[in-house]
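Visitor: I'm new here, so could you walk me through this one?
Guide: Happy to; have a look at it before we start.

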Amino acid sequence: FFRTAFTSFVTLSCFPLFGEEGTPMPGHFGAGDTKVFVGNLPSEVTKAEIEHIFRKYGAISDIWIARRPSGFGFVYFEDKRDAEDACRDCDGRVRLQDKMIRVEISHQGSGGGGGGG
């Protein structure tokens with residue numbers, strides 16, 4: 001409990017992460033969803049652009065894009081196999097607004113906070 005509370009305190013107090021229009025981390029994903037970290041995103045990327053890249057891999061339950069600081073986001077896949085396929089096919093192979101994106105399964109809990117891996 002202490003570790004979780006401390007981690008949440010540090011994350012919220014020192015490094016607040018806000019998504020589109022200043023909203024906090026998402027809560028629309030299901031317990032069985034797989035969280036995929038997407039890095040090296042252009043600062044003005046939209047959810048529609050992210051969805052366009054990843055929807056062909058399977059059902060997406062949520063997309064969250066960091067705005068302060070910008071440059072990363074998360075895609076929540078309903079099926080782990082779809083998430084793995086997206087990571088394999090897209091990591092270092094997809095260019096978005098002239099930036100090659102990084103894509104990997106997030107090894108951090110679904111409760112929010114920093115980057116993947």
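Guide: Some vocabulary to begin with: two strands pair if DSSP finds at least two bridges between them, and strands (E, at least two residues) and helices (H or I, at least four residues) are DSSP runs, numbered from the N terminus. This is a predicted model, where local features need pLDDT of at least 70, side-chain atom pairs count only at pLDDT 80 or more, and totals for chains, interfaces and linings use all residues. Residues are numbered from 1 along each chain as its sequence is written, and side-chain values use heavy atoms, with hydrogens and water left out.

Visitor: Which residue in S3 does Ile63 stand opposite?
Guide: Strands of a sheet pair through backbone hydrogen bonds, either parallel or antiparallel. Here S2 and strand S3 (residues 70–77) pair in the antiparallel sense, over six bridges. The residue in S3 facing Ile63 is Val75.

Visitor: What is the order of the strands in the open sheet?
Guide: Start from the edges: strand S2 (60–67) and strand S6 (102–105) each pair on one side only. The pairing is antiparallel among the four strands, and the twist averages 20 degrees from one strand to the next. Read across, the order is S2-S3-S1-S6.

Visitor: At about what angle does H3 run to S6?
Guide: Angles here run from 0 to 180 degrees between N-to-C directions, with axes as lines fitted to C-alpha atoms, for helices over the stretch in contact (heavy atoms within 4.5 Å). Helix H2 (residues 47–54) lies across S1, S2, S3 and S6, at about 135 degrees to S2. H3 lies across S1, S3 and S6, and its angle to S6 is about 150 degrees.

Visitor: Is Thr34 buried or exposed?
Guide: Thr34 sits in strand S1 (residues 34–39). Beyond its neighbours within four places in sequence, Thr34 has contacts that include Val75, Phe77, Ala83 and Ile105. Buried means under 20% relative accessible area, exposed over 50%, and partly exposed in between (1.4 Å probe, protein chains only). At 10%, Thr34 counts as buried.

Visitor: Which residues are linked with Arg88 in a network of salt bridges?
Guide: A salt bridge is a side-chain nitrogen of Lys or Arg within 4 Å of a carboxyl oxygen of Asp or Glu. Arg88 meets Asp85 at 3.0 Å, N to O, and these two lie three residues apart in helix H3 (residues 80–90), about one turn of the helix. Arg88 also bridges to a second partner, with the closest N and O atoms 3.2 Å apart. So the network joins Arg88 to Asp85 and Asp89.

Visitor: How many salt bridges does the structure hold?
Guide: Another one joins Arg102 and Glu104, whose closest N and O atoms are 3.3 Å apart. Arg102 is partly exposed at 41% relative accessibility, and Glu104 is partly exposed at 23%. The total for the structure is four.

Visitor: Why is there no bond between the sulfurs of Cys87 and Cys90?
Guide: A disulfide is a pair of cysteine sulfur atoms within 2.5 Å. Cys87 is buried, with a relative accessible area of 11%, and Cys90 is buried at 1%. The closest cysteine sulfur to that of Cys87 is in Cys90, and there is no bond because the gap is too far, at 8.0 Å.

Visitor: How far apart are the C-alpha atoms of Cys90 and Val103?
Guide: Cys90 is in helix H3. Not counting residues up to four places away in sequence, Cys90 touches Ile53, Phe54, Tyr57, Ile101 and Val103. Cys90 and Val103 are 13 residues apart along the chain, yet their C-alpha atoms are separated by 6.3 Å.
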